[in-house]
Amino acid sequence: MIPVSYYLVLGAVLFGIGMFGVLTRRNAIAILMAVELMLNAVNVNFIAFSRYLPNSTLDGQVFAIFVIAVAAAEAAVGLAIVLGLYRNFHTVNVDEINLMKW
Amino acid sequence: MQAVFFFVVAAFTVATALLVVTRPNIVHSAVALIFSFCGVAGIYVLLDAEFLGAVQVLIYVGGITILLLFAIMLTTRIATRVDVFNEQMGLSALIAGGITAILVYASLTGIQIAGEAPAPVETTPALGRLLMTTHVLPFELISILLLAAMVGAIILARREKE
């Protein structure tokens, strides 16, 4: 059986890639895709610990299900906001949208 | 055998994730994201979480990426695919790389699990039982959250009557 740290390193690398995407992309939909990557990295860690910890009661997998449900809700609301932005500003580039900037 | 499968799937997942954040064309990003999600589903199966693997394929591959592709088609003009990255490229790479390095270092040195991992069992029935007994309150809360999110999404995306 391979060590748990392999899975944790994979999760860390996926999280870093997602974070890079969130920080550099200008398109709001691309930012949402990078956020989904970060949520996936978190789920990998939850399930790895759920599998490897002794006396584990599958709580990690239950939490991963909740994370997936929240990610689905986030995608639905986020994309609705993106559609509203496009209708009002005719752009989805987040650095051109400064309506609520102080 | 398990290690070989892990390295193949992990390399595939990381490579497609890199494509997601670096491709200038956002449609290419979305297609790469589908493959990245499939790779993560393979990791779940490798961790004896076959229910989570199936859920990953159904919700992420079948639901969220289709939603993303629809949003892309509704908002992106083909001619406006220049200048997709902002000017903070170097700083972002530094921050993301630094945090990744810290996390990798912590993962490799900081984890000490006392005791053996339990033998693999069939997890799906146990998961269903847990959701209906120990975790029934968060389960109900998440259904309310989903309902609220769906109503909110409909209201936000609806065209206002002039």
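**View 1. B:Asp48, a residue with a positive phi in a loop of chain B.** In this predicted model, B:Asp48 is partly exposed, with a relative accessible area of 21%. You will find B:Asp48 in the loop between H2 and H3 of chain B. Its phi is near 60°, a positive value in a residue other than glycine. For background, most residues other than glycine have a negative phi.

**View 2. A salt bridge from chain B to chain A.** Here the side chain of B:Asp48 meets that of A:Arg51 in a salt bridge, with 2.6 Å from N to O. This pair crosses between chains: B:Asp48 sits in the loop between helix H2 (26–46) and helix H3 (50–75) of chain B, while A:Arg51 belongs to helix H2 of chain A. The two partners can be told apart by their accessibility. B:Asp48 counts as partly exposed because its relative accessibility is 21%, whereas A:Arg51, at 10%, counts as buried. The cut-off for buried is under 20% relative accessible area. As a reminder of the chemistry, side chains of opposite charge can pair when their charged atoms come close.

**View 3. A:Arg26 and its partner A:Asp95.** Let's move to chain A. The side chains of A:Asp95 and A:Arg26 form a salt bridge at 2.8 Å, N to O. A:Asp95 lies in the segment after H3 of chain A and A:Arg26 in the loop between helix H1 (4–24) and helix H2 (28–52), so this contact ties together parts that are 69 residues apart in sequence. With 39% relative accessibility, A:Asp95 counts as partly exposed. A:Arg26, in contrast, counts as buried at 10%.

**View 4. A:Arg26 again, now with A:Glu96.** A salt bridge also joins the side chains of A:Glu96 and A:Arg26, at 3.4 Å from N to O. This pair, too, links distant parts of the chain: A:Glu96 is in the segment after H3 of chain A, A:Arg26 is in the loop between H1 and H2 of chain A, and they are 70 residues apart. A:Glu96 is partly exposed, with a relative accessible area of 41%. Taken with the previous view, salt bridges that share partners join A:Arg26, A:Asp95 and A:Glu96 into one network. Over all chains, the count comes to three salt bridges.

**View 5. A:His90, a positive phi in chain A.** The segment after H3 of chain A also holds A:His90. Look at its backbone here: phi is near 55°, a positive value in a residue other than glycine. A:His90 is exposed, and its relative accessible area is 51%. The cut-off for exposed is over 50%.

**View 6. The largest pocket and its lining.** This close-up shows about 410 Å³ of space in the largest pocket. Its lining is made by 18 residues, and those nearest the centre are A:Ile81, A:Gly84, A:Leu85, A:Asn88 and A:Phe89. Helix H3 (residues 59–89) of chain A gives the largest share of that lining, with seven residues.

**View 7. A nonpolar patch on the surface, with residues from both chains.** The patch is formed by A:Leu23 together with B:Leu91, B:Leu94, B:Ile95, B:Ile99 and B:Leu103, and their accessible area together is about 500 Å². Five residues, the largest share of the patch, come from helix H4 (residues 89–109) of chain B. One of the patch members to pick out is B:Ile95, placed in helix H4 of chain B. At 40% relative accessibility, B:Ile95 counts as partly exposed.

**View 8. B:Gln2 and the distance to B:Leu68.** B:Gln2 is in helix H1 (residues 2–22) of chain B. With 29% relative accessibility, B:Gln2 counts as partly exposed. B:Leu68 is 66 residues from B:Gln2 along the chain, and their C-alpha atoms are separated by 33 Å.

**View 9. The two assigned domains of chain B.** The domain assignment divides out domain 1 (2–87) and domain 2 (122–162) in chain B. Taken over C-alpha atoms, the centres of domain 1 and domain 2 of chain B are 23 Å apart.

Note on methods
Residues are numbered from 1 along each chain as its sequence is written. Chains are lettered from A and ligands numbered from 1 in the order in which they are written. This is a predicted model: local features need pLDDT of at least 70, side-chain atom pairs count only at pLDDT 80 or more; totals for chains, interfaces and linings use all residues. Side-chain values use heavy atoms; hydrogens and water are left out. Patches are made of residues with over 30% relative accessible area and no salt bridge: like charges are joined within 9 Å, nonpolar side chains (Val, Leu, Ile, Met, Phe, Trp, Tyr) within 5 Å. Accessible areas come from the Shrake-Rupley method with a 1.4 Å probe; for residues, only the protein chains shown count as cover. A salt bridge is a side-chain nitrogen of Lys or Arg within 4 Å of a carboxyl oxygen of Asp or Glu. Helices (H or I, at least four residues) and strands (E, at least two) are DSSP runs, numbered from the N terminus. Buried means under 20% relative accessible area, exposed over 50%, partly exposed in between (1.4 Å probe, protein chains only). Domain bounds come from an automatic or database domain assignment. On a 1 Å grid over the protein atoms alone, a cavity is a set of points where a 1.4 Å probe fits but cannot get out, and a pocket is an open set with protein on both sides within 12 Å along at least five of seven lines; lining residues have an atom within 4 Å of a point. Grid points are joined across faces, edges and corners, and a volume is the space filled by probe spheres set on the points.
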